[in-house]
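Below are my notes on the model, set out as numbered points. Please read them alongside the sequence and the coordinates.

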Amino acid sequence: MSSFSKAGHLVSLLNKSDIKILKVFASSLKNRQILTLSTLSQYSNLSQSLVEHHLQRLVKFGLIGKSNIGYTLLVTGLDTYVLKILSNRNLITSIGPQIGIGKEAEIYIARDSLGEDKILKMFRLGRSSFKQIKRKRDINTATSSWLLLNIETAKKEYDILMYLRNSSTSFPNPQCRSFHWILMERIYSTRLSDAEHLDYPQFVLEKIINNVRIPYHKGYSHGDLNEYNILVNNDNIFILDWPQAVKVDTINADASLTRDVTNILKFFSRKFGVERDIQNTINIIKGV
Ligand SMILES: Nc1ncnc2c1ncn2[C@@H]1O[C@H](COP(=O)(O)OP(=O)(O)O)[C@@H](O)[C@H]1O
Ligand SMILES: [Mg+2]
């Protein structure tokens, strides 16, 4: 069972005080990852004995880790807390199937209170390297830094999507973010990697290049452009997955742009027989 489906199951078993304690962990994550009984009691306004009782439940459910120096929030603990926020704020009424099993995130279809489908992107960055860290290091410290990394990454993608929001209709519209998730518009399209046929591949490629040019002139280059991060629907294209975007005034920017353009041009040449010069395309994007 994934951490998220386990969280979905647990959320209904938790009472108000359990959630209160999870909230203290989640809100102090940035500054303090290991909390003692007395700190938890102070911030939750519950007596130490009550906190101890609830911690026992949370540890048993696998939401909180216990060591000889204190207690730490675990991945399923944050997932469960996040699910509670999503339903309390009436942001979503149900979570449907997991559609994307991307490299760095789990993607779920979620229904909002107006009955519209949205996409819930939960960051799971560095899953395999995390398992290695966990083996070598204390599980509690490793978990906290992993959670922080995923929170930061979600924030980075959300901020970029917000920044690019009005510049093109080819980027998903973000709705909100907190902790390690982003709720965004669902795009009804096929992954370019799965598109067996395109009526006008040259035209689609042109649109992609134009949507590399637009963010470039707003200061960003995507950094992981490939056929899995592009959706196509008739002649419309959408570019997803922005957390690794590179600022164009940094030293890695040129190499990153060249890699992005090369990936896409090679894909179009291989799959659709469309040829285009790499350097010329880069010059068009840069406007030189
Ligand atoms: N807004 C969206 N609308 C529709 N499908 C999406 C959306 N966001 C992601 N997906 C699907 O989920 C997959 C993985 O999402 P992505 O943002 O690329 O995460 P990862 O970092 O895990 O690769 C995408 O290839 C796409 O199929
Ligand atoms: Mg991706």
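1. Glu-227 is buried, because its relative accessible area is 12% and the cut-off for buried is under 20%. The residue sits in the loop between S9 and S10. Neighbours within four places in sequence aside, the contacts of Glu-227 are Arg-191, Leu-192, Ser-193, Ile-264, Phe-267 and Arg-270. Note that this is a predicted model, and the remarks that follow should be read accordingly.

2. The magnesium ion (ligand 2) has as its protein donors Asn-229, through OD1, and Asp-241, through OD, at 2.1 to 2.2 Å. These two donors come from distant parts of the chain, 12 residues apart: Asn-229 belongs to the loop between strand S9 (220-221) and strand S10 (230-233), and Asp-241 to the loop between strand S11 (236-239) and strand S12 (246-247). Are Asn-229 and Asp-241 buried or exposed? Both are buried. Water is not among the atoms, so the site may look incomplete.

3. Asp-241 deserves a separate entry for its backbone. Its phi is near 65 degrees, a positive value in a residue other than glycine. Most residues other than glycine have a negative phi. Asp-241 lies in the loop between S11 and S12, and its relative accessible area of 15% makes it buried.

4. Asn-90 also has a positive phi, near 60 degrees, and is likewise a residue other than glycine. The loop that holds Asn-90 runs between helix H5 (75-88) and strand S3 (94-101). With a relative accessible area of 46%, Asn-90 is partly exposed.

5. How do H8 and H9 lie to each other: roughly parallel or roughly antiparallel? Helix H8 (residues 201-217) packs on H9 at an angle of about 175 degrees, with the axes 11 Å apart. H8 and H9 are therefore roughly antiparallel, since the angle is over 145 degrees. On the H8 side the contact is made by Pro-201, Val-204, Leu-205, Ile-208, Ile-209, Val-212 and Tyr-216, and on the H9 side by Leu-257, Ile-264, Leu-265, Phe-268 and Phe-272. By class, the contact of H8 with H9 has 12 nonpolar residues, no polar ones and no charged ones.

6. Helix H9 (residues 253-272) also packs against helix H10 (residues 278-286), at an angle of about 120 degrees and with the axes 10 Å apart. H9 and H10 are therefore oblique to each other, and their crossing is right-handed. H9 contributes Asp-254, Leu-257, Thr-258, Val-261, Thr-262 and Leu-265 to the contact, while H10 contributes Ile-278, Thr-281, Ile-282, Ile-285 and Lys-286. The residues of the contact of H9 with H10 comprise 6 nonpolar, 3 polar and 2 charged.

7. Ser-27 is part of helix H2 (residues 16-28). With a relative accessibility of 53%, Ser-27 counts as exposed. Its C-alpha atom is 9.4 Å from that of Phe-179, although the two residues are 152 residues apart along the chain.

8. Some totals for the chain follow. The secondary structure comes to 10 helices and 12 strands. Of the 288 residues in the protein chain, 50% are buried. Among contacts with a separation of 6 or more, 63% join residues 24 or more positions apart. Along the principal axes, the C-alpha atoms fill a box of roughly 70 × 45 × 30 Å.

Technical notes:
Residues are numbered from 1 along each chain as its sequence is written. Chains are lettered from A and ligands numbered from 1 in the order in which they are written. This is a predicted model: local features need pLDDT of at least 70, side-chain atom pairs count only at pLDDT 80 or more; totals for chains, interfaces and linings use all residues. Side-chain values use heavy atoms; hydrogens and water are left out. Axes are lines fitted to C-alpha atoms, for helices over the stretch in contact, and angles run from 0 to 180 degrees between N-to-C directions. Helices (H or I, at least four residues) and strands (E, at least two) are DSSP runs, numbered from the N terminus. Angles under 35 degrees count as roughly parallel, over 145 as roughly antiparallel, 65 to 115 as roughly perpendicular and the rest as oblique. A crossing is left-handed if the near helix is turned anticlockwise from the far one by less than a right angle, and right-handed if clockwise. Contact means heavy atoms within 4.5 Å. Ala, Val, Leu, Ile, Met, Phe, Trp, Tyr, Cys and Pro count as nonpolar, Asp, Glu, Lys and Arg as charged, and the others, Gly among them, as polar. Donors are N, O and S atoms within 2.8 Å of the metal (3.2 Å for Na, K and Ca); water is not among the atoms, so sites may look incomplete. Buried means under 20% relative accessible area, exposed over 50%, partly exposed in between (1.4 Å probe, protein chains only).
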